[in-house]
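Hi,

Here is the structure I promised to pass on. Have a look at it first, and then read my notes underneath.

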Amino acid sequence: MRLERSLPLLGLLLCVVGTAAQQDDTEAQEEFLVEISGTTVTITCPLTESNINWNIAGTKVDSNERKYVIENHNSSPINVSCSSSNKKYDMYLNARVCANCEELDALAVTGIITADLLITLGVLILVYYFSKDRKGKASASAGSRPRGQKMQRPPPVPNPDYEPIRKGQREVYAGLKSRGF
């Protein structure tokens with residue numbers, strides 16, 4: 001009983017400690033801002049100083065601004081770093097870009113999924129109602145039998161291949177020996 005009472009308290013303690021640890025990590029770790037539009041990739045350095053040195057794929061770039069723009073990026077992964085006098089930030093950029101892609105916002109995607117679900121539901125309802133009407137009609141096919149009182153079945157027609165051995169025919173089969181299965 002004591003263990004059952006302490007488990008919720010332990011869970012709450014883990015949540016509080018985990019959240020505090022995540023906040024400390026995010027405060028200490030600043031991130032690049034990457035914006036993609038068509039084949040253009042814009043990278044913003046987390047440094048706020050004015051004199052920033054960029055290093056793209058091992059080559060120094062002549063740009064002292066906080067934002068660096070890559071025109072006509074070919075979707076190949078590259079190492080990007082920005083540095084100032086005493087700080088340096090590195091990033092591995094693996095951005096897929098395309099020239100004729102169309103960007104969809106969350107509202108458009110939600111609308112498409114909702115419309116698809118409504119159309120599917122409508123088709124299901126139509127199929128249900130049209131198949132419901134066909135169940136009530138009795139078909140007069142050759143294999144159907146009357147549904148009235150249960151009639152007794154006639155005895156099965158004897159098969160001439162499997163007739164019982166009659167008394168006069170025993171000597172025909174007397175030469176056969178029985179197998180011991």
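Below is what turned up when I went through it.

First, a caveat: this is a predicted model. The protein has 181 residues, and 15% of them count as buried. Its secondary structure comes to three helices and seven strands. Reading from the N terminus, the order is α-β-β-β-β-β-β-β-α-α.

Now the strands. S1, S2 and S5 make an open sheet, in the order S1-S2-S5, with antiparallel pairing. At the edges sit S1 (33-37) and S5 (67-70), each of which pairs on one side only. From one strand to the next, the twist averages 15°. If you want to check the register, S1 and S2 (residues 40-44) are antiparallel partners over five bridges, and Glu35 is found opposite Thr42 of S2. As a reminder, strands of a sheet pair through backbone hydrogen bonds, in either a parallel or an antiparallel sense.

Further along, a hairpin of four residues connects S6 to S7. These two strands, S6 being residues 78-83, are antiparallel as well, with six bridges between them. One pair to look at is Ile78 with its bridge partner in S7, Leu93.

Which residues of S7 are on its covered face, and which on the uncovered one? Tyr89, Met91 and Leu93 are on the covered face of S7 (residues 88-93), while Lys88, Asp90 and Tyr92 are on the uncovered one. That fits the usual pattern: side chains in a regular strand alternate between the two faces of the sheet. Leu93 therefore turns up twice in these notes, as a member of the covered face and as the partner of Ile78.

Between S5 and S6 there is a loop that holds His73. Is His73 buried or exposed? It counts as buried because its relative accessible area is 8%, below the 20% cut-off. A polar atom of the His73 side chain lies 3.5 Å from the backbone oxygen of Ser76.

Last, the surface. Leu118, Leu121, Leu124, Ile125, Tyr128 and Tyr129 make a nonpolar patch of about 650 Å². One of these, Leu124, belongs to helix H2 (residues 106-135). With a relative accessible area of 55%, Leu124 is classed as exposed, because the cut-off for that is over 50%. So Leu124 and His73 fall into opposite classes: Leu124 is exposed, and His73 is buried.

Over to you!

Note on methods. Residues numbered from 1 in each chain as written. Predicted model: local features only at pLDDT ≥ 70, side-chain atom pairs only at ≥ 80, totals over all residues. Heavy atoms only, no water. Patch = residues over 30% accessible without salt bridge, like charges linked within 9 Å, V, L, I, M, F, W, Y side chains within 5 Å. Areas by Shrake-Rupley, 256 points an atom, 1.4 Å probe, with all protein chains shown as cover. Salt bridge = Lys/Arg side-chain N within 4 Å of Asp/Glu carboxyl O. Buried < 20%, exposed > 50% of the residue type's maximum accessible area, 1.4 Å probe, protein only. Pairing = 2+ DSSP bridges. Axes fitted to C-alpha atoms, helices over the stretch in contact; angles between N-to-C directions. Polar contact = N/O pair within 3.5 Å; in protein donor to acceptor, adjacent residues only side chain to side chain.
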